[in-house]
Amino acid sequence: MIEVKKLKKGFGDKTVIDDVSAEMKPGNCTLIIGSSGSGKTVFMKCLVGLFHPDSGEILYDGHDFTTMNEDEKKEIRKQIGMLFQGSALFDSLTVEQNIMFPLNMFTKDSYAQKLKRVNEVLDRVNLKDVNKKFPAEISGGMKKRVGIARAIVLNPKYLFCDEPNSGLDPQTSLVIDKLIKEITDEYKITTVVNTHDMNSVMEIGDHIIYMYQGLKEWEGNNKEIIFSKNEKLNAFIFASEFLKDAKDMRMLEMKGKIDNNRNMDDLLK
Amino acid sequence: MIKGMFSKPENMRVYWKEFMHQCSEIGIGSLGIVVIISFFMGAVSAVQTAYQLVSPVIPKSTIAQIVRDTVILEFAPTLVCIVLAGVVGSKIASELGNMRVSEQIDALEIMGINTKTYLIMPKILAALITIPFLVIISAVLGIVGGRIAGSASGILSAATYDKGLLQNFFAYNVFFALSKAYTFAFIISSIPAYYGYYVKGGSLEIGQASTRAVVVSCVLVLFADYILAALLL
């Protein structure tokens with residue numbers, strides 16, 4: 001479990017994360033949502049130790065990450081897998097070598113054992129016949145899946161995904177979302193996802209944190225979010241007229257005022 | 001940055017592989033340009049020295065001595081290292097810069113790898129190992145180039161050239177050349193590594209960092225060249 005207590009982070013005079021507290025539980029997908037500049041990326045970078053917070057605590061299973069020395073942090077990081085927005089695959093290595101890299105670095109397994117593990121995780125993310133390809137030779141969705149495979153190859157306890165759907169079409173996004181959810185459930189990983197994709201929120205949001213200008217504005221799950229009365233959250237979720245209409249329709253449908261099975265021609269009359 | 005490089009490698013075998021890869025990239029990768037430059041550098045210095053030595057009282061073997069000492073003392077270490085600052089320096093800066101911008105360095109950090117140790121140390125060590133060898137190869141090829149150019153253009157015979165090479169030879173000059181080579185190797189690997197590792201922004205900034213790294217490395221090589229000459233000669 002990851003616990004964040006009163007986290008603060010600023011750059012110069014500007015406070016980017018202001019007094020944010022949260023709990024992220026194993027087997028749950030915690031989604032951090034918010035518009036661009038709301039501080040969600042900085043928040044995630046603080047969690048994984050790429051930024052040092054100005055104050056507050058980040059507890060990994062009760063151990064404060066912010067006060068650890070580099071060696072202790074290394075031990076925690078070995079339990080972390082991360083999928084980056086741009087996948088961050090090593091350009092000069094093949095897919096197989098990319099996934100094998102953490103195994104080479106941190107295990108003493110034989111090449112055959114490592115290759116077996118690589119093929120297992122590639123199979124888990126539904127990728128075949130890409131072992132010898134370079135990142136430049138595969139599609140964006142495949143890169144994300146390779147990124148996930150590399151992130152889970154050492155069986156991490158914590159999985160962080162920064163904008164996993166950016167640059168992907170809606171169908172591929174759905175595949176990536178489902179994969180993240182399945183892996184979280186299967187391995188009981190504590191997963192934290194940074195996103196502003198509402199499809200992801202509705203699909204995999206076991207726990208959602210909405211950030212607004214560095215503050216935690218709302219917290220809940222994907223069943224509660226649609227009924228939230230928080231104006232800032234609603235303005236973020238239902239940004240377009242189409243989505244507002246869709247929400248109204250859904251509400252009416254739930255109240256029984258619209259028959260969802262009614263012929264579309266009748267509705268349009 | 002240099003201080004942060006010294007930490008225990010997570011896996012010695014992976015680091016060794018990376019070190020050997022860098023030796024190949026820096027050493028073998030630059031060999032072609034070093035061979036071409038060195039040969040013509042020696043050839044041109046032989047022809048130009050002969051052009052300036054018009055006195056009949058100066059023996060022709062002096063041309064070989066001048067070519068030898070110029071190549072060993074200055075051309076092989078300094079000229080080659082300035083070229084390498086462009087070839088190797090821009091490569092190191094752009095490679096690390098691209099890794100920084102595309103979050104590959106962050107990915108390594110999150111895996112629990114000391115990125116300064118893994119990415120920078122093998123490059124600096126590889127440069128310290130391979131560049132002095134390149135300088136030695138350059139000096140030999142420069143002298144050979146002078147010999148071939150001298151005899152091909154009829155300035156002096158190969159036998160006279162060989163005789164001149166053995167006259168008044170000071171082994172200390174080789175030590176001086178190697179001292180320069182080690183110093184320059186450190187400069188042309190660490191400065192670009194610094195600029196590349198700490199780059200911020202996108203592709204434009206990578207280009208700027210790469211250019212800045214080469215310019216600063218070249219200036220520092222020339223500055224160090226003067227300091228070493230003043231101190232050691």
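These exercises walk through a predicted model with chains A and B.

**Exercise 1. Find the order of the strands in the open sheet of 6 strands of chain A, and name its edge strands.**

Solution.
- Step 1: Trace the order, which is β6-β7-β8-β3-β9-β10 in chain A. The pairing is mixed.
- Step 2: Look for strands that pair on one side only. These edge strands are β6 (80–83) and β10 (215–220) of chain A.
- Step 3: Check the twist. On average, neighbouring strands of this sheet are turned by 20° against each other, direction ignored.
- Step 4: Zoom in on one pair. Strand β3 (residues 29–33) and strand β8 (residues 190–195) of chain A run parallel and share 5 bridges. Within this pair, A:Leu31 has A:Val193 of β8(A) as its bridge partner.

**Exercise 2. Describe how helix α5 (residues 140–152) of chain A lies on β6 and β7, and how much of the helix is buried.**

Solution.
- Step 1: Place the helix. α5(A) lies across β6 and β7 (158–162) of chain A, and runs at about 175° to β6(A).
- Step 2: Check its length. The 13 residues of α5(A) reach 19 Å from first C-alpha to last, close to the 18 Å expected at 1.5 Å a residue.
- Step 3: Count the buried residues. In α5(A), 10 of 13 residues are buried, and the helix is mostly covered. Among them are A:Val146, A:Ile148 and A:Ile152, but also A:Lys143 and A:Arg145.
- Step 4: List what they pack against. The partners of the buried residues are β6, α3 (95–106), α4 (111–124), β7 and α6 (170–187) of chain A.

**Exercise 3. Explain why one side of β2 and of β5 in chain A has no neighbour in the sheet.**

Solution.
- Step 1: Write the order. This open sheet of 4 strands reads β2-β1-β4-β5 in chain A, with antiparallel pairing.
- Step 2: Find the edges. β2 (14–24) and β5 (63–64) of chain A each have a single partner strand, so one side of each lacks a neighbour in the sheet.
- Step 3: Inspect one edge. Strand β4 (residues 55–60) of chain A is joined to β5(A) by 2 bridges, in the antiparallel sense. One bridge partner of β5(A) is A:Asp64, which faces A:Leu59.
- Step 4: Add the helix. Helix α1 (residues 40–48) of chain A packs on this sheet and touches β1 (2–11), β2 and β4; its direction makes about 60° with that of β2(A).

**Exercise 4. Decide whether A:Asp129 is buried or exposed, and do likewise for B:Glu103.**

Solution.
- Step 1: Locate A:Asp129. It sits in the loop between α4 and α5 of chain A. Its phi is near 55°, a positive value in a residue other than glycine.
- Step 2: Apply the cut-off of 12 or fewer neighbours for exposed. A:Asp129 has 8 C-beta neighbours inside 10 Å, so it counts as exposed.
- Step 3: Locate B:Glu103. Its loop lies between α3 (61–101) and α4 of chain B. Phi of B:Glu103 is positive too, near 65°.
- Step 4: Apply the cut-off of 20 or more for buried. B:Glu103 has 20 C-beta neighbours inside 10 Å, so it counts as buried.

**Exercise 5. Describe the crossing of α5(B) and α6(B).**

Solution.
- Step 1: Take the axes. Helix α5 (residues 115–152) and helix α6 (residues 158–166) of chain B come within 9 Å and cross at roughly 145°. The crossing is right-handed.
- Step 2: Name the residues. B:Ile143, B:Arg147, B:Gly150 and B:Ser151 of α5(B) meet B:Ala158, B:Tyr161 and B:Leu165 of α6(B).
- Step 3: Sort them by class. The contact has 4 nonpolar, 2 polar and 1 charged residues.

Technical notes
Residues are numbered from 1 along each chain as its sequence is written. Chains are lettered from A and ligands numbered from 1 in the order in which they are written. This is a predicted model: local features need pLDDT of at least 70, side-chain atom pairs count only at pLDDT 80 or more; totals for chains, interfaces and linings use all residues. Axes are lines fitted to C-alpha atoms, for helices over the stretch in contact, and angles run from 0 to 180 degrees between N-to-C directions. A crossing is left-handed if the near helix is turned anticlockwise from the far one by less than a right angle, and right-handed if clockwise. Two residues are in contact if their C-beta atoms, placed from the backbone, lie within 7 Å. Ala, Val, Leu, Ile, Met, Phe, Trp, Tyr, Cys and Pro count as nonpolar, Asp, Glu, Lys and Arg as charged, and the others, Gly among them, as polar. Two strands pair if DSSP finds at least two bridges between them. The expected span of a helix is 1.5 Å times one less than its number of residues.
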